[in-house]
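Which element supplies the largest share of the shell around the ligand? The paragraphs below take up this question and then turn to the backbone.

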Amino acid sequence: MAGPGRWALAGAPDTMSHVTAQILDGKATAAEIRSRLKARVEALRERGITPGLGTVLVGDDPGSQAYVAGKHRDCAEVGIASIRRDLPATATQEEVEAVVDELNADPACTGYIVQLPLPKGLDEQRVLERIDPAKDADGLHPVNLGRLVLMQPGALPCTPHGIVELLRRYEVPLRGADVTVIGRGITVGRSLGLLLGRRTENATVTTCHTGTKDLAAHTRDADIVVVAAGVPGLVTADMIKPGAAVLDVGITRTEAGLTGDVDPGVREVAGWLAPMPGGVGPMTRAMLLANVVESAENA
Ligand SMILES: Nc1nc2c(c(=O)[nH]1)N[C@@H](CN(C=O)c1ccc(C(=O)N[C@@H](CCC(=O)O)C(=O)O)cc1)CN2
């Protein structure tokens, strides 16, 4: 699946005519991953093991509701049992933590996630820390993030893991690549920096955020740009080195529909583009299933 855009990384002249970016098709890649996971789930079931994914959803945010519904559809497709716990937006910290305790104790739930963000007023970090690290299907418990820092095996956060898988499948050169990540949230930016800096990936990562003085200076030098800022159209064509890979992880819901962080003009400059929708999002869901299957296999 090698793309047309490798010439910028190889140092070819700027005068070379450019082909529109190759699309990093997360939807198709995730479907392939699910079909392989389905076979692994069947093998587990033959050994008498049924993996079970739990979700905890608090409140009525339309995005979170859609993501959780998607996660349960994926489970049904690959044969993972699913357990759903929905709480109203008025739920207290104690009520949310009681559900976490219940899932920690439930043997049918082999892994689970707490859908983020939680409604204002709830202490997200306290909830995440209460999850049994062995059941943390999102890799967001401090123990699992610590393993990532120490480069030890453990559940990996789904979006960063999905990004790395997508880059690998399309043979986007990663070793030694200069990667600029925009956004320092724990579900994407910060964890991605840790993941790409491991010896197995060996990329050089710059994490940009609201305090970054000259964002364009960092993106223009990068072989790979990952943007997870939630600012529609933040990254424009003039900020991208010709032939670089650009991955759009931003999602803003407007009355007109969903908007990503990458301006459509980037497609004419980039070598590869993971669009929103259809790029990284479906990979996030596929990696969650992979975490659940892998932890059932290792149990
Ligand atoms: N506990 C977690 N909470 C959140 C995570 C996470 O990994 N764990 N990530 C995001 C939300 N998320 C999964 O939970 C997620 C986001 C987007 C997509 C997706 O498929 N997006 C589509 C477009 C959106 C749409 O159609 O509605 C796409 O990009 O094609 C899946 C999962 C924050 N919370």
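**The ligand and its surroundings**

The largest share of the shell around the ligand, 4 residues, is supplied by α10, where helices (H or I, at least four residues) and strands (E, at least two) are DSSP runs numbered from the N terminus. This is a predicted model, in which local features need pLDDT of at least 70 and side-chain atom pairs count only at pLDDT 80 or more, while totals for chains, interfaces and linings use all residues. Residues are numbered from 1 along each chain as its sequence is written, and side-chain values use heavy atoms, with hydrogens and water left out.

Both α3 (62-78) and α10 (280-298) supply at least two residues of that shell, and at least three residues are drawn from each of domain 1 (48-149) and domain 2 (156-280), the domain bounds coming from an automatic or database domain assignment. By class, the shell has 8 nonpolar, 4 polar and 4 charged residues; here Ala, Val, Leu, Ile, Met, Phe, Trp, Tyr, Cys and Pro count as nonpolar, Asp, Glu, Lys and Arg as charged, and the others, Gly among them, as polar.

Of the 16 residues around the ligand (those with a heavy atom within 4 Å of it), Lys71, Val114, Leu116, Asp138 and Gly278 come nearest. A polar side-chain atom of Lys71 lies 2.7 Å from an oxygen atom of the ligand, whereas Val114 places a backbone N or O atom 2.8 Å from a ligand nitrogen atom, and Gly278 places a backbone N or O atom 2.6 Å from a ligand oxygen atom. The protein covers 82% of the 680 Å² of accessible area that the ligand has on its own, as computed by the Shrake-Rupley method with a 1.4 Å probe.

**Backbone features**

Leu116, one of the residues that come nearest to the ligand, is joined to Pro117 by a cis peptide bond with omega near 0°, and Pro117 is found in the loop between β4 (111-114) and α5 (124-130). Another cis peptide bond, with omega about 5°, joins Met276 and Pro277; Pro277 is found in the loop between β11 (272-274) and α10. Glu171, in the loop between α7 (158-169) and β5 (178-182), has a positive phi of about 55° although it is not a glycine.

Key:
Polar contact = N/O pair within 3.5 Å; in protein donor to acceptor, adjacent residues only side chain to side chain.
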